[in-house]
Amino acid sequence: MLIPEGQVRIWLYVPPTDLRKSFDGLSALVRTKLAEDPLSGQLFVFLNRRRTQVRILYFDRSGYCVWAKRLEQGRFHSTPTDAAKQRLSWSELQLILEGIDTRSVRRFKRFHYRWRGPMGYHDTPWKSLFLQQNRTLRGSRS
């Protein structure tokens with residue numbers, strides 16, 4: 001199984017793809033239809049019309065890699081969109097590869113750490129509460 005490095009972007013090419021294409025055909029598809037650079041190290045996911053096969057194209061430091069999977073039974077499921085490409089998270093890709101329908105998955109709100117800039121962090125409720133308590137303590141000491 002492939003293991004992405006760090007925060008690799010994963011793109012699903014939504015229209016059905018002729019999976020007889022290999023390295024050159026899929027990289028040309030990435031350049032022309034997705035308007036992305038196939039040498040960027042991102043993962044590009046392609047499904048066939050029957051959704052029984054998947055290919056993932058990516059570029060590691062030394063060359064192109066194609067990872068393929070063919071199901072003997074069942075289909076791959078993904079969330080349908082009108083766009084040509086769809087951004088996936090690593091967990092969504094794993095769900096698709098395991099055959100789990102991503103439309104029926106219930107998503108719960110999770111903490112997501114966001115960096116605001118070089119001088120501070122994204123304000124979260126616990127941080128604003130902490131700042132209020134510090135201001136109150138500083139005001140009472142004066």
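**Exercise 1. In which loop is Arg-51 found?**

The model is a predicted one, in which local features need pLDDT of at least 70 and side-chain atom pairs count only at pLDDT 80 or more, whereas totals for chains, interfaces and linings use all residues. Residues are numbered from 1 along each chain as its sequence is written, and side-chain values use heavy atoms, with hydrogens and water left out.

Step 1. Helices (H or I, at least four residues) and strands (E, at least two) are DSSP runs numbered from the N terminus, and Arg-51 is found in the loop between S2 and S3.

Step 2. S2 and S3 form a hairpin with five residues between them, and the two strands pair in the antiparallel sense over four bridges, where pairing requires that DSSP finds at least two bridges between the strands. Within this pairing, Leu-47 stands opposite Val-54 in S3.

Step 3. Phi of Arg-51 is near 60°, a positive value in a residue other than glycine. Most residues other than glycine have a negative phi.

Step 4. Arg-51 counts as partly exposed because its relative accessibility is 25%; buried means under 20% relative accessible area, exposed over 50%, and partly exposed in between, with a 1.4 Å probe and protein chains only.

**Exercise 2. Locate Ala-35 and classify its accessibility.**

Step 1. Ala-35 is found in the loop between H1 and S2, and its phi, near 55°, is a positive value in a residue other than glycine.

Step 2. At 62% relative accessibility, Ala-35 counts as exposed.

**Exercise 3. Describe how S2 is covered and how it is joined to S1.**

Step 1. Five of the five residues of S2 are buried. In a regular strand the side chains alternate between the two faces of the sheet. Here Leu-43, Val-45 and Leu-47 lie on one side of S2, Phe-44 and Phe-46 lie on the other, and all are buried.

Step 2. S1 and S2 run parallel and are joined by four bridges, and the bridge partner of Leu-12 in S2 is Val-45.

Step 3. Together with helix H1 (residues 23-32), S1 and S2 make a right-handed β-α-β unit; right-handed means that, with the strands pointing away from the viewer, the path from the first strand over the helix to the second runs clockwise.

**Exercise 4. Identify the nonpolar cores and the elements that supply the largest one.**

Step 1. A nonpolar core is a set of buried Ala, Val, Leu, Ile, Met, Phe, Trp, Tyr and Cys residues joined through side-chain atoms within 4.5 Å. The largest has 15 residues, of which Val-45, Val-54, Ile-56, Phe-76, Leu-93 and Leu-97 touch the most other members.

Step 2. At least two residues of this core come from each of strand S1 (10-13), strand S2 (43-47), strand S3 (53-59) and helix H2 (90-98).

Step 3. Apart from it lies another core, of 10 residues, including Leu-19, Leu-26, Phe-44 and Phe-46.

**Exercise 5. Characterise the surroundings of Thr-17.**

Step 1. Thr-17 has its place in the loop between S1 and H1, and it counts as buried because its relative accessibility is 6%.

Step 2. Not counting residues up to four places away in sequence, Thr-17 touches Leu-26, Leu-29, Phe-46, Leu-47, Asn-48 and Arg-49, contact meaning heavy atoms within 4.5 Å.
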